[in-house]
Amino acid sequence: MTLQRRLILAVLVAVGLAWTLTSVLIYLSTQEEINELYDTAMVRMAQQMQAVLPLIDVGTVLQPPGAGPAPGDTDLGDMGDAGLGDLAIAAWRPGGEPLHIDPDGDRLPRARSVKGFTNTTIDGVPWRLYYLDDPIAGWRVCVGQIQAERKELEVSYLQAQVLPWVFGLPLLMTLVAWGVRRTLRPLRTLSAAIAARAPDNPAPLALAAVPPELAPLVGAMNTLLHRVSALLEHERRLTADAAHEMRTPLAALKAQWDVARRSPDPDERAQAAANVEAGIERMSHLVSQLLTMSRLEDEDAPPVRARVDWHDIVQQVLSDCLALSDQRHVDMEVRWPPRNRPPLPVCGDPALLGIMLRNLLDNAIRYSPAGTLVTLAFGPDHITVSDHGPGVAPDLLARLGNRFFRGAGQREQGNGLGISIARRVAVLHGLTLSFANRPAADGTGLLATIRPTEAIAPAP
């Protein structure tokens with residue numbers, strides 16, 4: 001069910017319930033008022049009749065039926081809509097003789113033991129009677145009313161409440177539907193604008209014509225559009241850079257494969273096969289790095305957030321880098337802070353932090369001369385990785401960490417993604433990765449420093 005139909009249905013149900021509840025309350029209140037009105041009139045009529053009775057000529061009134069003109073035979077003229085049969089009056093002398101005041105009142109019982117109001121049935125018709133006695137003169141008066149008169153008035157009032165709704169409900173539904181459609185027009189306009197947008201259109205939606213209730217939704221949507229646009233741009237750049245970076249090794253693999261397949265020289269074929277194997281290894285490493293980079297770019301926080309144990313991470317990282325270290329004849333050392341000062345405290349994913357350190361150590365080992373030392377040093381508020389390689393030109397230090405960036409004249413094979421991955425892992429964990437050349441007094445080399453983005457409070 002659409003939102004528009006739900007809103008129309010909710011409004012109609014709410015109006016119907018409110019009308020029903022209001023009608024019931026008004027009906028009960030009106031019923032009480034009608035009873036109060038008629039009961040008051042009956043009491044007043046009985047009091048007036050009792051006051052008049054002592055003035056009546058008893059000898060004239062007490063005539064047997066048919067002996068002379070009765071009060072009911074009086075010419076009353078045009079009676080309009082009066083219904084005299086619904087109201088009756090009766091009176092009795094102290095001795096019990098009836099006064100034939102009203103022919104309809106002759107049907108009312110004397111009921112000597114009843115005082116005040118009572119309900120009874122006369123000739124199968126429900127009546128409401130009121131009895132009033134004169135304790136001094138002994139007169140007894142009764143005023144009666146058919147209860148159907150009250151019910152008729154109540155039904156007439158109920159019809160007056162229901163009939164307008166029977167005829168007015170279709171009009172109300174039409175007006176409610178029109179009002180809801182008109183009220184939801186900005187939402188439909190916004191939906192049409194979003195549906196007509198190109199997938200690559202990052203322009204934010206205009207807020208000028210948007211109702212205040214929809215402004216937060218449009219603002220959140222603009223934020224989402226910006227994030228989606230940034231993600232699409234990231235994917236485009238990653239795809240373009242990957243395609244560019246893979247073009248050269250693929251061409252080299254094809255050339256080496258042609259040599260290995262066509263060369264008559266066994267040594268040349270063996271060398272070409274070795275080159276193909278090295279190229280395949282490089283491609284495998286590149287694809288692995290691309291997958292890691294893509295996964296990290298899609299995350300806003302580490303998948304695991306727990307206090308890490310640097311000793312376990314370092315042990316695994318040294319084991320992973322040992323083969324390359326032996327191959328390059330480069331030694332590795334780890335320096336820890338004093339025992340009373342723990343290494344840099346970090347909460348995050350140990351696997352990702354291990355990738356960060358492994359990429360930094362791998363990069364330092366590859367660019368260090370044989371017989372030198374790569375140092376991984378931990379401090380209370382930082383981590384450093386230093387080597388004795390050639391370093392980096394000062395104007396290129398700021399570009400370290402850009403994807404697929406490699407300085408000119410590099411002889412080492414690589415794809416420029418290792419430092420980018422390390423920097424992305426650092427950002428996910430609230431860390432910053434910076435690079436600097438080692439001071440001249442310490443010789444050549446590159447120094448990578450990892451620090452928290454915000455200062456760490458000293459331990460007590």
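Helices here are DSSP runs of H or I with at least four residues, and they are numbered from the N terminus. The structure is a predicted model. This briefing covers its cavities, its salt bridges, an antiparallel sheet with a hairpin, and selected cysteine and glycine positions.

**Internal cavities**

- The structure contains 2 cavities of 30 Å³ or more, and the largest cavity has a volume of about 70 Å³.
- Nine positions need not be taken as a mere list: the lining of the largest cavity draws on helix 8 (350-366) and strand 12 (446-452), each of which supplies at least two residues.
- Helix 8 makes the greatest contribution to the lining of the largest cavity, with 3 residues.
- The lining residues of the largest cavity are Leu360, Asn363, Ala364, Val385, Asp387, Ile419, Phe435, Leu446 and Ala448.
- By residue class, the lining of the largest cavity consists of 7 nonpolar residues, 1 polar residue and 1 charged residue.

**Salt bridges within helices**

- The count of salt bridges comes to 9.
- Glu154 and Lys151 form one salt bridge, with their closest N and O atoms 4.0 Å apart.
- Because Glu154 and Lys151 lie 3 residues apart in helix 3 (residues 147-183), about one helical turn separates them.
- The two partners differ in exposure class: Glu154 is buried at 5% relative accessibility, whereas Lys151 is partly exposed at 45%.
- In helix 8, which also contributes to the lining of the largest cavity, Arg366 and Asp362 are joined by a salt bridge with an N to O distance of 2.7 Å.
- Arg366 and Asp362 are 4 residues apart in helix 8, so they too are separated by about one helical turn.
- Arg366 counts as partly exposed at 25% relative accessibility, and Asp362 is likewise partly exposed, at 22%.

**Salt bridges that reach further, and a network**

- Salt bridges with shared partners connect Asp39, Arg128 and Arg150 into one network.
- The side chains of Arg358 and Asp320 meet in a salt bridge at 3.1 Å, N to O.
- This pair links distant parts of the chain, with Arg358 in helix 8 and Asp320 in helix 7 (residues 310-328), 38 residues apart.
- Both residues of the pair are partly exposed: Arg358 has a relative accessibility of 30%, and Asp320 has a relative accessible area of 36%.

**The five-stranded sheet and its hairpin**

- An open sheet of 5 strands follows the order 2-1-5-4-3, and its pairing is antiparallel.
- Strand 2 (98-99) and strand 3 (116-122) stand at the edges with a single partner strand each, so one side of each has no neighbour in the sheet.
- Strand 3 runs antiparallel to strand 4 (residues 125-133), and 7 bridges join the two.
- Among the bridge partners across this pairing, Ile122 is matched with Val125 in strand 4.
- The hairpin of strand 3 and strand 4 has 2 residues between the strands, and Asp123 in this hairpin adopts a positive phi near 55°.
- In a regular strand, side chains alternate between the two faces of the sheet.

**Cysteines**

- The count of disulfides is 0.
- Cys142 is buried, with a relative accessible area of 0%.
- Cys321 also falls in the buried class, at 2% relative accessibility.
- Both values lie under the 20% relative accessible area that defines buried, so Cys142 and Cys321 receive that label.

**Gly430**

- Gly430 is located in the loop between helix 9 (418-428) and strand 11 (431-437).
- At 34% relative accessibility, Gly430 counts as partly exposed.
- The C-alpha atom of Gly430 is 6.0 Å from that of Pro452, although the two residues are 22 residues apart along the chain.

Key. Residues numbered from 1 in each chain as written. Predicted model: local features only at pLDDT ≥ 70, side-chain atom pairs only at ≥ 80, totals over all residues. Heavy atoms only, no water. 1 Å grid on protein atoms, 1.4 Å probe; cavity = no way out; pocket = protein on both sides within 12 Å on 5 of 7 lines; lining within 4 Å. Points joined across faces, edges and corners; volume = space filled by probe spheres on them. Nonpolar A, V, L, I, M, F, W, Y, C, P; charged D, E, K, R; others polar. Disulfide = S-S within 2.5 Å. Buried < 20%, exposed > 50% of the residue type's maximum accessible area, 1.4 Å probe, protein only. Pairing = 2+ DSSP bridges.
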